[in-house]
Amino acid sequence: MDQAPPLPLRILDGIVSDRGSRYAAAGGPATSRAEVDALLAELRRNKRFAKATHNSWGAILDGVPVKGDDGEAGAGAIILAELQAAGRPDTLLVVTRWYGGKQLGGDRFRHVRTAARAWLEGEAAR
């Protein structure tokens, strides 16, 4: 059986660094939960992202918002809000955090938003 070609995944690294924590964003087109799962699996094949503390994500599939916080409570909702504000249905957006050893408090939500916006702005410029 032939293998399907890899799905398009664009990674934007080094977006935010704060008190040792680092953030990146990645994503690509996804129109179904199966495509979301395939893109997440592709991202995690990258050893660096597989070892990340959090790979939080959001997508709007056929008008239905879906998300995963991956232990970073509330991050998926922020990502969904950014996708909705940008008018980007059928797109998976993942914000990755590598924990740096110090609590960030509410700043972590600002960093998730910054990373999501940076990725979306980069997509708009393409």
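The following dialogue examines how certain terms apply to this predicted model.

Student: Why is Ala-118 called partly exposed?

Tutor: Ala-118 has a relative accessible area of 22%. Buried means under 20% and exposed means over 50%, so Ala-118, at 22%, is partly exposed.

Student: Where is Ala-118 placed, and what is Ala-118 in contact with, leaving aside its neighbours within four places in sequence?

Tutor: Ala-118 belongs to helix α4 (residues 107-125). With those neighbours left aside, Ala-118 is in contact with Leu-12 and Ile-15. Val-16 lies 102 residues from Ala-118 in sequence, and their C-alpha atoms are 10.0 Å apart.

Student: What makes Arg-48 a charge that sits over the ring of Trp-98?

Tutor: The charged end of Arg-48 is 4.1 Å from the centre of that ring. The definition asks for a distance within 6 Å and a position within 35 degrees of the ring normal. The distance of 4.1 Å therefore satisfies the limit of 6 Å. Arg-48 also lies over the face of Phe-49, at 5.9 Å from the ring centre.

Student: How do you know that strands β3 and β5 pair?

Tutor: Strand β3 (residues 54-61) and strand β5 (residues 91-98) are joined by 6 bridges. Pairing requires at least two bridges, so these strands pair. They run antiparallel, and Trp-57 stands opposite Val-94 in β5.

Student: Which helix packs on the sheet and touches β3, β4 and β5?

Tutor: That is helix α3 (residues 75-86), whose direction makes about 40° with that of β3.

Terms used. Residues are numbered from 1 along each chain as its sequence is written. This is a predicted model: local features need pLDDT of at least 70, side-chain atom pairs count only at pLDDT 80 or more; totals for chains, interfaces and linings use all residues. Side-chain values use heavy atoms; hydrogens and water are left out. Buried means under 20% relative accessible area, exposed over 50%, partly exposed in between (1.4 Å probe, protein chains only). Contact means heavy atoms within 4.5 Å. Axes are lines fitted to C-alpha atoms, for helices over the stretch in contact, and angles run from 0 to 180 degrees between N-to-C directions.
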